[in-house]
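User: Could you take a close look at one part of this model for me? I'm curious about its enclosed empty space and what surrounds it.

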Amino acid sequence: MNFKITLLPGDGIGPEVVAEAVRVLETIAGKHKHTFSFQERLMGGCSIDKYGSSLTDETLADCQTSDAVLFGAVGGPKWDDPNAKDRPERGLLALRKGLGVFANLRPVKVHPALADHSPLKPEKLQGVDILILRELTGGLYFGQPKMREMKDGHQRAVDTLEYYDYEIKRIVDLAFELAKGRKKKVTSVDKANVLESSRLWRQVATQAGKENPDIELEHVLVDTASMKLITGPASFDVVVTENMFGDILTDEASVLAGSMGMLPSASLGEAGSRSGSEARMGLYEPIHGSAPDIAGKGIANPIGTILSAALLLRHSFELESEAVAIENGVHQTITAGARTADLGGMLTTRQMTDEIIKSIEEN
Ligand code: IPM
Ligand code: MG
């Protein structure tokens with residue numbers, strides 16, 4: 001099969017890790033007789049430097065017309081001025097909105113060999129396998145009005161937390177669908193004791209629960225959820241929540257895995273949104289940031305991006321066994337003791353990838 005992938009390496013360590021994921025994808029293409037063609041574009045700080053915009057219309061259009069997008073990271077001290085006209089992060093938000101990728105999947109699994117890297121006691125981590133679904137194109141990030149003004153002699157700032165029922169329904173439905181292939185439990189996280197938008201969220205989730213009687217549904221308030229992620233992370237299966245709560249909870253949950261460098265993510269559109277197919281348009285990225293402190297040194301952990309490439313094969317190309325081949329390769333490599341610096345090891349970004357590629361080729 002023939003697929004077109006747009007690469008957005010971005011800033012900081014983004015280019016280093018994306019290059020390694022491309023090598024892994026090429027290994028898979030060779031082994032399974034697929035053709036992946038790659039086109040590379042700028043997004044984030046590097047795009048501000050070159051074009052004066054963090055995401056140009058041309059780049060967005062190129063992403064929209066490809067079969068999937070693989071993204072590294074954006075941002076860095078160079079573009080941190082709070083008064084700047086454009087910021088690297090704006091490009092990412094515009095890309096999410098422009099691609100319509102409303103569902104951000106952030107799986108958190110703890111590799112048994114890495115349990116001692118987590119700040120939590122290893123016995124708490126046993127059996128942890130959480131899939132967090134974060135709503136990605138609504139809520140506080142996008143609600144209008146969003147503004148600043150002078151009022152009664154004071155500066156006043158407003159962000160708006162707004163949800164339509166259909167925005168909640170499509171992500172909650174996806175949570176139930178994904179729970180079917182897992183432990184059959186959905187935890188819907190909200191703040192329904194205070195927020196109106198959360199009361200609508202809970203109402204829609206409850207209705208979806210009635211339509212899926214084979215799946216257990218629980219509602220947990222976001223403050224309680226943040227505590228339970230630390231005190232009893234193994235009790236979660238699929239967690240579904242709004243944009244801002246999901247942003248915060250996914251950083252918290254990532255700590256469980258020992259290093260942020262390990263974790264992938266997939267941001268998906270509606271079923272059928274990948275043109276000419278039943279599959280979903282997807283934006284795939286590691287959950288770590290641009291890590292300016294280690295950029296250019298070749299020591300970043302490429303695994304979060306490599307596992308994101310596996311999610312790309314699964315969700316946008318429907319190549320399940322190829323996705324599993326990458327995941328097995330990573331698992332075996334970690335089991336065999338390969339470690340980058342973030343995991344206390346000495347391997348470079350490239351050497352770690354070499355090990356993973358070797359493992360894929362041998363299986
Ligand atoms: C994330 C990041 C982004 C977000 C930033 C970079 C805009 O924190 O993907 O979690 O807040 O969504
Ligand atoms: Mg975040």
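Which helices or strands each supply at least two residues of the lining of the largest cavity?

Analyst: Happy to help! The strand β8 (185-190) and the helix α7 (196-211) each supply at least two residues of that lining; these elements are DSSP runs numbered from the N terminus, with helices (H or I) of at least four residues and strands (E) of at least two. The model is a predicted one, where local features need pLDDT of at least 70 and side-chain atom pairs count only at 80 or more, while totals for chains, interfaces and linings use all residues. Residues are numbered from 1 along each chain as written, chains are lettered from A and ligands numbered from 1 in written order, and side-chain values use heavy atoms, without hydrogens or water.

Of the two elements, α7 gives the most to the largest cavity, with 3 residues. The whole lining consists of Leu161, Tyr163, Val189, Asp190, Ser197, Ser198, Trp201, Glu242 and Phe245. A cavity is a set of points on a 1 Å grid over the protein atoms alone where a 1.4 Å probe fits but cannot get out, and lining residues have an atom within 4 Å of a point. By class, the lining has 5 nonpolar, 2 polar and 2 charged residues (Ala, Val, Leu, Ile, Met, Phe, Trp, Tyr, Cys and Pro count as nonpolar, Asp, Glu, Lys and Arg as charged, the others, Gly among them, as polar). Asp190 and Glu242 are among the lining residues. The volume is about 50 Å³, taken as the space filled by probe spheres on grid points joined across faces, edges and corners.

For context, the structure holds 2 cavities of 30 Å³ or more. The second largest has about 40 Å³ of space, and its lining is made up of Ile130, Ile132, Val189, Ala225, Leu229, Phe236, Val239 and Leu249. Val189 thus turns up in the linings of both cavities. Here the classes are 8 nonpolar, no polar and no charged. β5 (129-135) and α8 (222-231) each supply at least two residues to the second largest cavity.

β5 also supplies at least two residues to the lining of the largest pocket, as do β4 (103-109), α6 (165-180), α10 (303-315) and α11 (320-335). A pocket is an open set of points with protein on both sides within 12 Å along at least five of seven lines. The largest pocket has a volume of about 860 Å³. Its lining of 31 residues has Pro107, Lys109, Asp129, Arg314 and Glu327 nearest the centre, and α11 supplies the largest share, 7 residues. Sorted by class, that lining has 17 nonpolar, 5 polar and 9 charged residues.
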